[in-house]
Amino acid sequence: MSDPRAVYARWAALYDRLASLPVVRSWRARAVDALDLSAGETVVEMGCGTGANVPALRRRVAPAGRVVGVDLTPEMLRRARGHADRTGDGVHYLLGDAARPPVDDVDAVLATFVAGIFADPAAAVDAWCDCAAPGGRVALLNFQRSANPLATPVNVAFEGFVRLSAPGARLSRRSHADAFERRVATARDRLTERTVDRRYETFAGGYLGLVSGRVE
């Protein structure tokens with residue numbers, strides 16, 4: 001079994017470029033909007049990667065708020081710190097496991113494109129909800145296969161993406177995608193159980209699902 005940290009480190013440069021594409025930034029902006037952030041709040045991104053969401057998060061909590069990025073891969077965080085717009089006052093990066101976040105009592109939690117990689121996604125969502133203060137909002141953005149019959153070619157590409165996001169497993173492309181979507185569904189179900197004032201939307205032709213809720 002490959003060490004996921006080594007795999008993600010090798011892909012950090014490509015991930016950084018893809019995460020910065022304008023269309024991807026627009027998807028991420030919708031996830032940030034779902035948090036209903038206010039100036040002065042503290043928001044944590046679980047599995048922050050190279051910090052692509054940080055500029056949008058910081059704009060919403062500035063000038064006195066804090067943005068904390070948690071990631072397991074040192075190379076991802078090194079690249080995040082190498083971007084001038086992803087560093088500075090109020091921005092902090094922590095090396096750690098997003099399933100056991102080293103933070104508590106925060107105002108909002110964001111997880112983009114990571115819920116499907118955890119062996120126990122329900123436990124990860126529980127940890128995210130537990131570290132949010134009462135009334136804090138949690139948002140999950142994830143890829144998914146589209147039910148559109150014209151989407152078959154893109155669904156095949158999705159299955160390839162899932163293989164890259166779950167290194168080391170010896171499964172067929174479709175087995176990977178099925179397992180990935182089950183984990184995402186489990187994460188969404190647990191967030192639904194743990195929150196109120198929930199919202200769910202799909203976009204990008206049905207390939208993206210965004211669910212958010214407020215912790216009681």
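A residue counts as buried when its relative accessible area is under 20%, as exposed when the value is over 50%, and as partly exposed in between. The exercises below apply this rule and others to a predicted model.

**Exercise 1.** Classify Asp 36 and Arg 59 as buried, partly exposed or exposed, and locate each residue.

*Solution.*
Step 1. Asp 36 has a relative accessibility of 35%. Because this value falls between the two cut-offs, Asp 36 counts as partly exposed.
Step 2. Asp 36 lies in the loop between H3 and strand E1 (42-46).
Step 3. For Arg 59 the relative accessibility is 60%. The limit for exposure is over 50%, so Arg 59 is exposed.
Step 4. Arg 59 belongs to helix H4. Its C-alpha atom is separated by 9.6 Å from that of Ser 38, and the two residues are 21 apart along the chain.

**Exercise 2.** Determine how many disulfides the model contains, and examine Cys 131 as a candidate.

*Solution.*
Step 1. A disulfide requires two cysteine sulfur atoms within 2.5 Å.
Step 2. The cysteine sulfur closest to that of Cys 131 is in Cys 129, at 8.2 Å. This distance is too far for a bond, so Cys 131 does not pair with Cys 129.
Step 3. The count for the model comes to 0 disulfides.
Step 4. As for accessibility, Cys 131 is buried at 3%, and Cys 48 is buried at 1%.

**Exercise 3.** Identify the backbone features of Asp 36, Phe 113 and the bond from Ala 62 to Pro 63.

*Solution.*
Step 1. The general expectation is that most residues other than glycine have a negative phi and that most peptide bonds are trans.
Step 2. Asp 36 has a positive phi, near 50°, although it is not glycine.
Step 3. Phe 113 also is not glycine and has a positive phi, near 65°. Phe 113 is placed in the loop between strand E4 (106-112) and helix H6 (121-131), and it is buried, with a relative accessible area of 14%.
Step 4. The peptide bond from Ala 62 to Pro 63 is cis, with omega near 5°. Pro 63 is in the loop between H4 and strand E2 (66-71).

**Exercise 4.** Describe the second largest pocket by its volume and its lining.

*Solution.*
Step 1. The volume of the second largest pocket is about 220 Å³.
Step 2. Its lining has 14 residues, and those closest to the centre are Arg 25, Ala 52, Pro 55, Ala 56 and Arg 59.
Step 3. Helix H3 (22-33) and helix H4 (54-61) are the elements that give two or more residues to this lining.
Step 4. By residue type, the lining of the second largest pocket divides into 6 nonpolar, 2 polar and 6 charged residues.

**Exercise 5.** State how many residues of H6 are buried, and set this beside the values for the protein.

*Solution.*
Step 1. In H6, 9 of the 11 residues are buried, and the helix is mostly covered. Among them are Trp 128, Cys 129 and Cys 131.
Step 2. In the protein, buried residues make up 48% of the 216 residues.
Step 3. The protein exposes about 10,100 Å², of which carbon and sulfur atoms supply 54%.
Step 4. The secondary structure comes to 8 helices and 7 strands. Of the contacts between residues at least 6 apart in sequence, 69% join residues at least 24 apart.

Notes
Residues numbered from 1 in each chain as written. Predicted model: local features only at pLDDT ≥ 70, side-chain atom pairs only at ≥ 80, totals over all residues. Heavy atoms only, no water. 1 Å grid on protein atoms, 1.4 Å probe; cavity = no way out; pocket = protein on both sides within 12 Å on 5 of 7 lines; lining within 4 Å. Points joined across faces, edges and corners; volume = space filled by probe spheres on them. Helix = DSSP H or I, 4+ residues; strand = E, 2+ residues; numbered from the N terminus. Nonpolar A, V, L, I, M, F, W, Y, C, P; charged D, E, K, R; others polar. Buried < 20%, exposed > 50% of the residue type's maximum accessible area, 1.4 Å probe, protein only. Contact = heavy atoms within 4.5 Å. Areas by Shrake-Rupley, 256 points an atom, 1.4 Å probe, with all protein chains shown as cover.
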